[in-house]
Amino acid sequence: MRRLGYAQDEATGHGFRASASSLLNESGLWNPDAIEAELGHMGADEVRRAYHRAIYWDERLKMAAWWADEIGKMAGLPA
């Protein structure tokens, strides 16, 4: 975050993740479990979570593309 020019009191990685979670859930387009999987919130077994990245894979790819488009819109980039 610092390399992007954000000071510690301006933005945090967790803040970006919280924003993504909120906007993805509020869109109503995505399975909440797919959102949690993408954010790495898949249960307490960290070893299983680390090696089980394929769950909801197709939806996660579509969600990532949608999210990139949303960020572009927020930044005023052309579609």
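This passage walks through the helices, their packing and a few individual residues of the chain.

The model is a predicted one. Its secondary structure amounts to four helices and zero strands, so reading from the N terminus simply gives α-α-α-α. Of the 79 residues in the chain, 16% are buried. As for how the chain meets itself, take the contacts between residues at least 6 apart in sequence: 44% of these join residues at least 24 apart.

Helix α1 is a good place to start, and it covers residues 13–27. Gly-13 belongs to this helix and is partly exposed, because its relative accessibility of 34% falls between the 20% and 50% cut-offs. Twelve residues separate Gly-13 from Met-1 along the chain, yet their C-alpha atoms are 6.9 Å apart. Further along α1 comes Ser-21. Its relative accessible area is 17%, and since anything under 20% counts as buried, Ser-21 is buried. Leaving aside residues up to four places away in sequence, Ser-21 touches Glu-36 and Leu-39. Pro-32 can be placed relative to Ser-21 too: the two are eleven residues apart in sequence, with 9.2 Å between their C-alpha atoms. Pro-32 itself sits in helix α2, and at 47% relative accessibility it counts as partly exposed.

The packing of α1 against α4 comes next. Two packed helices are described by the angle between their axes and the distance between the axes. For α1 and α4 (residues 57–74), the angle is about 105° and the axes are 12 Å apart. That makes the two helices roughly perpendicular, because the angle falls in the 65 to 115 degree range. On the α1 side, the residues involved are Ser-19, Ala-20, Leu-23, Leu-24 and Ser-27; on the α4 side they meet Met-63, Trp-66, Trp-67 and Met-74. Sorted by character, the residues of this contact come out as seven nonpolar, two polar and no charged.

Helix α4 also passes a simple check on its length. With 18 residues at 1.5 Å a residue, α4 should span 26 Å, and its end C-alpha atoms are 25 Å apart, which agrees. Four residues of α4 are buried: Arg-60, Met-63, Glu-70 and Gly-72. Met-63 thus turns up both among the buried residues and in the contact with α1. The cover over the buried residues of α4 includes α1 together with α2 (32–38).

The backbone on either side of α4 has something to show as well. Most residues other than glycine have a negative phi. Tyr-56, however, has a positive phi of about 60° although it is not a glycine. Tyr-56 lies in the loop between α3 (46–51) and α4, and with a relative accessible area of 28% it is partly exposed. After α4 comes Gly-76, where phi is again positive, near 80°.

That leaves the aromatic rings. A pair of aromatic rings is described by the distance of the centres and the angle of the planes. With centres required to lie within 6.5 Å, the count comes to two aromatic pairs. One of them is Tyr-6 with Phe-16, an edge-to-face pair with 5.9 Å from centre to centre and 70° between the planes. This pair links distant parts of the chain, ten residues apart: Tyr-6 is in the segment before α1, and Phe-16 is in helix α1. Tyr-6 counts as partly exposed at 35% relative accessibility, and Phe-16 is partly exposed too, at 42%.

The other pair is Trp-30 with Trp-66. Their ring centres are 6.1 Å apart and their planes stand at 65°, so this pair is edge-to-face, the cut-off being over 60 degrees. Because Trp-30 lies in the loop between α1 and α2 while Trp-66 is in helix α4, the pair ties together parts that are 36 residues apart in sequence. Trp-30 is buried, with a relative accessible area of 15%. Trp-66, for its part, is also one of the α4 residues that meet α1.

Note on methods
Residues are numbered from 1 along each chain as its sequence is written. This is a predicted model: local features need pLDDT of at least 70, side-chain atom pairs count only at pLDDT 80 or more; totals for chains, interfaces and linings use all residues. Side-chain values use heavy atoms; hydrogens and water are left out. Buried means under 20% relative accessible area, exposed over 50%, partly exposed in between (1.4 Å probe, protein chains only). Contact means heavy atoms within 4.5 Å. Axes are lines fitted to C-alpha atoms, for helices over the stretch in contact, and angles run from 0 to 180 degrees between N-to-C directions. Angles under 35 degrees count as roughly parallel, over 145 as roughly antiparallel, 65 to 115 as roughly perpendicular and the rest as oblique. Ala, Val, Leu, Ile, Met, Phe, Trp, Tyr, Cys and Pro count as nonpolar, Asp, Glu, Lys and Arg as charged, and the others, Gly among them, as polar. The expected span of a helix is 1.5 Å times one less than its number of residues. Rings of Phe, Tyr and Trp (its six-membered ring) pair if their centres lie within 6.5 Å; planes under 30 degrees apart count as stacked, over 60 as edge-to-face and the rest as tilted.
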